[in-house]
Amino acid sequence: MSKRNVENTIIQLLGNGSLEKQILIDRVVKQSHVTIQAVYKNLRKLTVRDSITIHKKSVSLTLLHIERELQYWETVSGVYHTRPLASHFLGLREGDSLSLRFKNLNELDTYWVHAFLLLERQLPKNFPTYSVIPHDWFYYGRRETDVFWTQKQKRKQRLIVTHPDKIDMLALRERRKQGYEMTPSVNPLHQEEHEYFTVVSDWVFKVTIDKKLHADLLRITQQARALENIDQVSLQKLLSKRGQNTMKIYKSKKRADVIIKKVQKYFE
């Protein structure tokens, strides 16, 4: 275990709040597989850099460290929001498209949220977002990115769930509380059960999930009677499993207009 990784583990653990020194040491030893002496050595270095402060038996991140991190990530965020590189999907011209592959559903969802939020920040807020999905596994399987997506959205969120089962309907109840407009059990695009669409303005995201993974996903969720009864161990293992997952991003007013015309009637 490298010195840097031990430091990162300490910082990560303290990101949830102050910890008693001995509890922190025990957790770092367990997670990083290092000696107690190695933890003490890294605590001293972090103290010298003003990254942590130790008072009596309590260890905390310093406000100086937190502010430094905020400034760094604000700079990074600014770069990503203002630099549409030619090789990046934001560089697509009208009528162009970009095809991407993802080895598992976690990586697919992470990029999907990342890319869509980059895009929608560049568009006027009067365009609603249309999501046409067979199942809402994002709500109960990818909670962290789903909350991030929802909190960052400033425009109308319109959701169609084409093939909802009992668990999806329970998730939709929570979606309604979040302010989503939604329609279940219609399939205006005649899509298959492993195909997903997100549309805003002139942009279309079409996602195709590995058929076997999608079938396994349904087997897990259909065994549960409530959201809290979903076997999260099996679900999270499945979301990390390799498969053929693809995304195609279109910059096409014609294609987007056709889709929007078919779906907006369920909301207006």
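**View 1. Arg175 and the residues around its place in helix 8.** Setting aside residues up to four places away in sequence, Arg175 touches Asp136, Phe138, Tyr139, Asp146, Thr150, Leu159, Tyr180 and Met182. This is a predicted model, so please read each of these views as a computed picture. Arg175 sits in helix 8. With a relative accessible area of 3%, Arg175 is buried, because the cut-off for that word is under 20%.

**View 2. Asp168, a buried acid in helix 8.** Let us stay with helix 8, which covers residues 166-177 and holds Asp168. Which side chain of opposite charge is nearest to Asp168? That side chain is Arg175, 8.7 Å away. Asp168 is buried yet has no salt bridge; a salt bridge would need a side-chain nitrogen of Lys or Arg within 4 Å of a carboxyl oxygen of Asp or Glu. What the side chain of Asp168 does reach is the backbone nitrogen of Asp136, at 2.8 Å. Leaving out neighbours within four places in sequence, the contacts of Asp168 are Pro134, His135, Asp136, Tyr140, Val161 and His163. Asp136 is a name to look for in both of these views: Asp168 is in contact with Asp136, and Arg175 touches Asp136 too.

**View 3. Strand 10 with strand 4 and strand 9.** Here the subject is strand 10, residues 245-251. Five of its seven residues are buried, so strand 10 is largely enclosed by the rest of the structure. Strand 4 (residues 97-102) runs antiparallel to strand 10, and six bridges join the two. To find your way along this pairing, start from Ser97, whose bridge partner in strand 10 is Tyr250. Strand 9 (residues 203-208) is also joined to strand 10 by six bridges, again in antiparallel fashion. On that side, Phe205 stands opposite Ile249 of strand 10.

**View 4. Phe89 in the loop before strand 4.** Where does Phe89 lie? Phe89 is in the loop between helix 4 (63-82) and strand 4. Is Phe89 buried or exposed? Phe89 is buried, its relative accessible area being 0%. Not counting neighbours within four places in sequence, the residues in contact with Phe89 are Leu98, Tyr111, Ala115, Leu119, Trp203, Phe205 and Ile249. You have already met two of these names, Phe205 and Ile249, as residues that stand opposite each other. Tyr250, the bridge partner of Ser97, is 161 residues from Phe89 in sequence, while their C-alpha atoms are 8.8 Å apart in space.

**View 5. The open sheet of strands 1, 3 and 2.** Three strands make up this open sheet, in the order 1-3-2 and with antiparallel pairing. Strand 1 (19-20) and strand 2 (52-55) are the edge strands, each pairing on one side only. Strand 2 is joined by four bridges to strand 3, residues 58-61, and the two run antiparallel. A handy marker here is Thr53, which has Ser60 of strand 3 as its bridge partner.

**View 6. The chain as a setting for the close-ups.** Stepping back, the chain has 11 helices and 10 strands. Its C-alpha trace spans about 65 × 45 × 35 Å along the principal axes. Of its 268 residues, 46% count as buried. The chain exposes about 15300 Å², with carbon and sulfur atoms supplying 51% of that area. Among contacts between residues at least 6 apart in sequence, 76% join residues at least 24 apart.

Technical notes:
Residues numbered from 1 in each chain as written. Predicted model: local features only at pLDDT ≥ 70, side-chain atom pairs only at ≥ 80, totals over all residues. Heavy atoms only, no water. Pairing = 2+ DSSP bridges. Buried < 20%, exposed > 50% of the residue type's maximum accessible area, 1.4 Å probe, protein only. Lys, Arg positive; Asp, Glu negative; His and termini not counted. Polar contact = N/O pair within 3.5 Å; in protein donor to acceptor, adjacent residues only side chain to side chain. Contact = heavy atoms within 4.5 Å. Areas by Shrake-Rupley, 256 points an atom, 1.4 Å probe, with all protein chains shown as cover.
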